[in-house]
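Biologist: I am new to this structure and would like a close look at a single part of it. Please take me through that part slowly, and then place it within the rest of the protein.

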Amino acid sequence: MVRSLTVVFIGSGLLAAFCIAQMQFFGLVFDHYFALVVPGMITVACCLALTVYKNRSRKSLSGGSEAAAVPWLAAVALMASGSLIVPFSLPLGSVVVFLLVTALLLPPFFCWAFGVRMLAGQKAKLSKAVPVALLSGLVIGFLVTPWMIDYAGGPVRLGWMIAAALGVTVLLLAGKESLLFAGTVFLIVSGLALSQLNVSRHMLPHWAPGHQTQLKPVLGEMAPGKSMRGVAVSWDASGRTDLVTINNDKNQALGWVLTNGTSPVAMQISGKDKPLSWWREQFPIVSVPFEISNPGRMLSIGAFPGPEVRIAEKMNRKDIHVASFNKSSSDFLALIPDKSLDRRLEQVSEVHPGNPRSVLRDDDARHAMIFMPITQPGWYGWFGSNPEEGYLYTVEAIQVYLGRLVRDGMLV
């Protein structure tokens, strides 16, 4: 009994973490509304499993309840592996593939719900204790998932770790009659996990050409290919941050930072430091406000310090402040092989990581210029795709920015 309850508790916690990881992955790749597909599929799976169990034969199962439940619980790890493989092997962007991805979310939770119900339905004492173990595992899983994602380095890597851990969990329940089956499943899932852990961190899913409108616009348009090479990846509360380089003669010294699929922020990552004229030529719209006004105290708000900071430095502006909601900026810079990138912020007076609106609320200083890049394309339904950024573009937020400007100051 204790062994069964332990398996239910651990497995439920792992599946709760798997659910949140898949939701974050869907929120990264698709519009944020698609993340709701995951809990929806889980609800359907659990309801279907309970319905099937109630209508199945009431005859006793040979081999005992644990032996009968092991095949269903072992299938959870296999099904979870399948839902992780498809986005990286088949091109997303078509309705058929999207339906396949969502359909693969259902079997792991169906098998788990059905297997647990078989455990609980055979013995009276166990049937009373299993719901407690199940709910306790779910609560613990939800609480520790943020730490697990941070430790794993992203939701996809965490998914593979969970798939392997589920295999180990089922082995704890397997008796002599089901040990060979459970052991085989564990070896298959572990082999898949080990083969994917080293590559999935830097991998983005494949997209079908011509179907970019179903994906976050920038990730769809800038999917890795012949002209794009990933350099570094990091994860934090803002989601995934990628640094990529474009293999282009004109922009060979430029890298692009993408935070959770938003419009890329340009930065110089290699080569000799470029003069002010080069930055003005590359980013003419960014340089226009500096031609109009000679700012005193300047504040840049965004996911990451962009070309406006570099242009201000080149124009010998001395009082430059940055409010970056990408809290892992320093850790992210440390991942980049070219250490000269660290020097790009030497002239910045202060960098405030965290929520920019909280930074402004705690600091009464006024600015001659507040520079706020539009990091999301202005398409319907896309401004809110990253809540961390959508929070910065509300009416209340704009009122806060205007209230922090000096007389005749500029909100760019």
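Modeller: Let us take strand β8 and what lies around it, bearing in mind throughout that this is a predicted model. Strand β5, which covers residues 298-302, is joined to β8 by three bridges, and the two strands run parallel. Within this pairing, Met 298 has Met 369 of β8 standing opposite. Strand β8 also pairs with β9, again in the parallel sense and over three bridges, and here Leu 405 in β9 is the bridge partner of His 367.

How many of the residues of β8 are buried? The strand spans residues 367-371, and five of the five are buried, which means that β8 is largely enclosed by the rest of the structure. The term has a plain cut-off, since a residue counts as buried when its relative accessible area is under 20% and as exposed when that area is over 50%.

Strand β9, which takes in residues 405-411, offers a residue at the other end of this scale, for Asp 408 has its place there. Asp 408 counts as exposed because its relative accessibility is 71%. The backbone of Asp 408 also deserves a look, as its phi is near 65°, a positive value in a residue other than glycine.

From the strands we can turn to helix α12, because β8 is among the elements that cover its buried residues. The helix runs over residues 307-314, and seven of its eight residues are buried, so α12 too is largely enclosed by the rest of the structure. The buried residues are Pro 307, Glu 308, Val 309, Arg 310, Ile 311, Ala 312 and Glu 313. Besides β8, the cover over them includes the strands β4 (265-268), β5 and β6 (320-324), together with the helices α10 (276-282) and α11 (284-292). Strand β5 therefore enters the picture twice, as a partner that runs parallel to β8 and as part of what covers the buried residues of the enclosed helix α12. After α12 comes Asn 316, whose phi is positive and near 65°.

To set this part in its wider frame, the protein has 16 helices and nine strands, and of its 412 residues 53% are buried. Among contacts with a separation of 6 or more, 71% are between residues 24 or more positions apart along the chain. The accessible surface comes to about 19,000 Å², and carbon and sulfur atoms account for 62% of that area.

There are also enclosed spaces elsewhere in the model, with a count of four cavities of 30 Å³ or more, and the largest cavity holds about 50 Å³ of space. Helices α1 (2-29) and α3 (64-89) each supply at least two residues of its lining, and α3 gives the largest share, four residues. Among the lining residues are Gln 22, Phe 25, Phe 26, Ser 83, Leu 84 and Val 156. By class, the lining has seven nonpolar and two polar residues, with no charged ones.

One last residue lies in helix α6, residues 124-152, and this is Pro 146. Pro 146 counts as exposed because its relative accessibility is 54%. Its C-alpha atom is separated by 8.6 Å from that of Ala 17, although the two residues are 129 residues apart along the chain.

Methods:
Residues numbered from 1 in each chain as written. Predicted model: local features only at pLDDT ≥ 70, side-chain atom pairs only at ≥ 80, totals over all residues. Heavy atoms only, no water. Buried < 20%, exposed > 50% of the residue type's maximum accessible area, 1.4 Å probe, protein only. Pairing = 2+ DSSP bridges. Contact = heavy atoms within 4.5 Å. Areas by Shrake-Rupley, 256 points an atom, 1.4 Å probe, with all protein chains shown as cover. 1 Å grid on protein atoms, 1.4 Å probe; cavity = no way out; pocket = protein on both sides within 12 Å on 5 of 7 lines; lining within 4 Å. Points joined across faces, edges and corners; volume = space filled by probe spheres on them. Nonpolar A, V, L, I, M, F, W, Y, C, P; charged D, E, K, R; others polar.
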